[in-house]
Amino acid sequence: MRSTARVRPPAVAGLFYPSSPAELASAVEELLAAAAPRGSSAAAAAPQASTVARPPRTPKAIIAPHAGYVYSGPIAASAFSMLGPLAREILRVVLIGPAHRLPFRGLALPGVEAYATPLGEVPVDLEAAAAVRRLSQVVELPAAHEGEHSLEVELPFLQMMLGAFRVLPLVVGEALPEEVAEVLELAWGGPESVLVISSDLSHYLPAAMAERADRATADEILRLGGPLEPRQACGAMPINGLLAAARRRGLAPELIDLRHSGDTAGDRGSVVGYGAFAFHEQV
């Protein structure tokens with residue numbers, strides 16, 4: 001199915017994040033500024049947060065949550081802030097998230113030339129899209145992207161951090177870890193490329209139960225284990241693909257932040273869990 005649209009427009013602006021460009025830029029700037037350096041008192045005080053020394057290099061991959069910014073924005077910012085001082089060297093982002101709205105088999109490309117947010121258009125890496133499209137598990141399915149938020153909400157953070165870059169956007173339906181890993185390996189690239197996996201963790205548990213469940217999920221990610229199940233993370237299939245690739249590539253995982261919506265938005269009776277992780281190439 002080939003799309004006739006050139007640009008995939010914003011679908012959740014005004015819902016998950018501000019629709020005004022000025023308000024959105026200000027909100028993301030504030031979230032990134034508040035993402036405390038690990039080892040500081042603020043980071044140490046964050047519930048369940050990890051505080052280890054920052055490696056002097058950009059991670060090859062990160063996992064970031066994708067809920068409304070009032071809920072997951074601080075945790076997402078802690079992941080994207082890891083791109084840090086070398087951010088301007090990153091020219092391409094392989095952005096992969098789960099399908100929430102449309103069931104399908106495989107991984108879906110949007111069939112467009114650009115992805116838009118209120119901050120502007122991000123060009124799609126059409127050469128990389130054509131390369132992964134040759135894999136049997138990759139399809140062109142604009143409908144999988146039309147109302148999907150898992151990729152869109154990550155883009156403003158990337159726009160503010162990186163400036164100009166290209167994106168390879170993929171939504172994952174039913175897919176095996178090796179099918180996702182094969183796509184990641186093909187699009188791996190060098191230091192000019194970073195992988196971003198979009199996922200929340202547990203959903204709608206009481207706070208204490210969510211904290212236990214999410215800590216167990218984080219431990220599984222940190223040992224490059226898995227496969228995770230959807231009850232552990234809505235982006236379990238993209239994460240499982242990253243874990244398979246990380247095992248082969250010898251990436252070292254790091255927990256940056258682990259909190260839930262009760263920590264950020266107040267209601268602890270039924271929360272959604274959020275984790276920020278980085279994966280580093282070992283030298």
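**Exercise 1.** In this predicted model, determine which residue's side chain S193 joins in a polar contact, and whether S193 is buried or exposed.

*Solution.* Begin with the polar contact: the side chains of S193 and E192 are joined at 3.0 Å. Next, place the residue in the fold; S193 belongs to strand β9. Then list its contacts beyond four places in sequence, which are K60, R92 and W188. Finally, apply the cut-off for burial, under 20% relative accessible area. S193 has 4% relative accessibility and therefore counts as buried.

**Exercise 2.** Identify the residues with the most contacts inside the largest nonpolar core, and the element that gives the most to this core.

*Solution.* The largest nonpolar core comprises 47 residues, and those with the most contacts inside it are F80, L83, V93, F157, L158 and L162. Among the elements that supply two or more residues to this core are α1 (21-34), α3 (69-80), α6 (155-162) and β9 (193-198). Of the elements, α3 gives the most, with six residues. Now examine F80: leaving out residues up to four places away in sequence, F80 touches L32, I62, A64, E154, F157, L158, M161 and V196. A second, separate core has 41 residues, including I96, L201, A245 and L255.

**Exercise 3.** Explain why strand β11 is described as largely enclosed, and state how β11 pairs with β12.

*Solution.* Strand β11 covers residues 252-260. Seven of its nine residues are buried, so β11 is largely enclosed by the rest of the structure. As to pairing, β11 and β12 run antiparallel over eight bridges. Within this arrangement, D257 stands opposite A276 in β12.

Notes:
Residues numbered from 1 in each chain as written. Predicted model: local features only at pLDDT ≥ 70, side-chain atom pairs only at ≥ 80, totals over all residues. Heavy atoms only, no water. Core = buried A, V, L, I, M, F, W, Y, C linked by side-chain atoms within 4.5 Å. Buried < 20%, exposed > 50% of the residue type's maximum accessible area, 1.4 Å probe, protein only. Helix = DSSP H or I, 4+ residues; strand = E, 2+ residues; numbered from the N terminus. Contact = heavy atoms within 4.5 Å. Polar contact = N/O pair within 3.5 Å; in protein donor to acceptor, adjacent residues only side chain to side chain. Pairing = 2+ DSSP bridges.
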